[in-house]
Amino acid sequence: MHVIDSHTGGEPTRVILTGAPDLGSGTLAERALRLAADYKELYRSILLEPRGQPAMVGAMLVEPVDRSCVTGVIYFDVDAVLGMCGHGTIGLAVTLAHLGRIDTGIHRIETPAGVVTVELHDENTVSVTNIESRRVRRAVNLDVPGHGCVVGDVAYGGNWFFIVDPSPIPVETSNIAAMTKLTIAIRKAAMASGLKGANSEPVDHVILQEQSPRKGVSGRNFVLCPDNNYDRSPCGTGCSACLACLAAEGELAEGEEIIQESVIGSTYHLSYKLGPNGGIIPRIKGQAFIMSEANLMFDANDPFRSGIEI
Ligand code: PYC
């Protein structure tokens, strides 16, 4: 399995170029379901330690249905196949440029959530125009055992998010363990309360958002992913969901740009246009860097060939 690893604002992406299972034909959403149902051990083993690392997202290249796209891609973390991934798309565009498959300019990429476009500005800098994003519920009260009542919005940005703004805990690196505990409890409570996406998808990402103390930076976030790791980047699909909330509240005008930082201080430039179906079309600009190129080995005699399960 030939892979290239990059990171986007500290969040790793492993692009699988060859050696992936044949997911057959059909839409990317159908092929993503097949990956989730039939190849869970395989996709987990690509990301789990010792072969992978915490928070890593995989990007499996597949044939696009839409031939105007440079590639199709299915993203996954250790616990879920994802509809879309913003940091992964920035990493993928930089990887395709590294391979000489794309040049600076605009390119289309097909994901299970729909076609997104990337604008490659230089070898590291990419703007992603995401799928239409929207807020579906405002100010939902959740009773979170051990933490009390937490209020948040439910929004879609290619994945489903429960967004708590302002965060009840200061979004600082010294609070990562406490924020991880709280957001896991929020996700559990959201699922127990029957909260779901528009087509019954799980609301499996949680965001704690607050104002950034940094000059020129508007927000700082902590984003819990389905694998219980936090996104080191500000999370492209999460920022898309937050933009949809800001737009719905009338707090950010179409075309206005803001800077959002992650809990570790990596940044995205964000803006949006109004979408055709009542939502918004987010634009996320960030940087990725190539870290390594490797052939993954799966030795039948290796007791940890499927990764360390704890
Ligand atoms: O950047 O959209 C994102 C993302 C999703 C999960 C991890 N990163």
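Student: What does buried mean here, by relative accessible area?
Tutor: The model is a predicted one. Relative accessible area is taken with a 1.4 Å probe and protein chains only. Exposed is over 50%, and partly exposed is in between. Buried means under 20%.

Student: How many of the six residues of strand β13 are buried?
Tutor: Strand β13 covers residues 219-224. G219, N221 and V223 point one way from β13, while R220, F222 and L224 point the other way, and all are buried. The strand is therefore largely enclosed by the rest of the structure, and the count of buried residues is six of the six.

Student: Which strand pairs with β13 in the parallel sense?
Tutor: Strand β12 (residues 205-211) is joined to β13 by six bridges, but these two run antiparallel. E210 has R220 as its bridge partner in β13. On the parallel side there are three bridges, and N221 stands opposite S262 there. The parallel partner is strand β14 (residues 258-262).

Student: Is F222 buried or exposed, and how is its pair with Y230 classed?
Tutor: Both F222 and Y230 are buried. A search of the whole structure finds three aromatic pairs. For F222 and Y230 the ring centres are 5.6 Å apart and the planes differ by 25 degrees. Planes under 30 degrees apart count as stacked, so the pair of F222 and Y230 is classed as stacked.

Student: Which residue has its charged end over the ring of Y230?
Tutor: Y230 is buried and forms an aromatic pair with F222. The charged end in question sits 4.1 Å from the centre of the Y230 ring. The residue is R232.

Student: How many disulfides are there?
Tutor: A disulfide needs two cysteine sulfur atoms within 2.5 Å. The sulfur of C85 is 6.9 Å from the closest cysteine sulfur, in C235, which is too far for a bond. For C149 the closest cysteine sulfur is in C245, at 17 Å, again too far. The count comes to zero.

Student: Which of C85 and C149 is exposed?
Tutor: C85 has a relative accessible area of 7% and is buried. The value for C149 is 53%. Exposed means over 50%, so the exposed cysteine of these two is C149.

Student: Which residue has a side-chain N or O atom 2.7 Å from a nitrogen atom of the ligand?
Tutor: The residues around the ligand are C85, G86, H87, C225, D231, C235, G236 and T237. G86 has a backbone N or O atom 2.7 Å from an oxygen atom of the ligand. T237 has a polar side-chain atom 2.7 Å from a ligand oxygen atom. For the ligand nitrogen atom, the residue is D231.

Student: Which residue in the turn between β9 and β10 has a positive phi?
Tutor: Strand β9 (residues 134-144) and strand β10 (residues 148-156) pair in the antiparallel sense over eight bridges. V140 stands opposite G152 in β10. The two strands form a hairpin with three residues between them. The residue in the turn, with a phi of about 85 degrees, is G146.

Student: Is M297 buried or exposed?
Tutor: M297 lies in the segment after β16 (280-295). Its C-alpha atom is separated by 18 Å from that of T13, 284 residues apart along the chain. The relative accessibility of M297 is 63%. Over 50% is exposed, so M297 counts as exposed.

Key: Residues numbered from 1 in each chain as written. Predicted model: local features only at pLDDT ≥ 70, side-chain atom pairs only at ≥ 80, totals over all residues. Heavy atoms only, no water. Phe/Tyr/Trp six-rings, centres within 6.5 Å; stacked < 30°, edge-to-face > 60°. Lys NZ or Arg CZ within 6 Å of the ring centre and 35° of its normal. Pairing = 2+ DSSP bridges. Helix = DSSP H or I, 4+ residues; strand = E, 2+ residues; numbered from the N terminus. Near = heavy atom within 4 Å. Polar contact = N/O pair within 3.5 Å; in protein donor to acceptor, adjacent residues only side chain to side chain.
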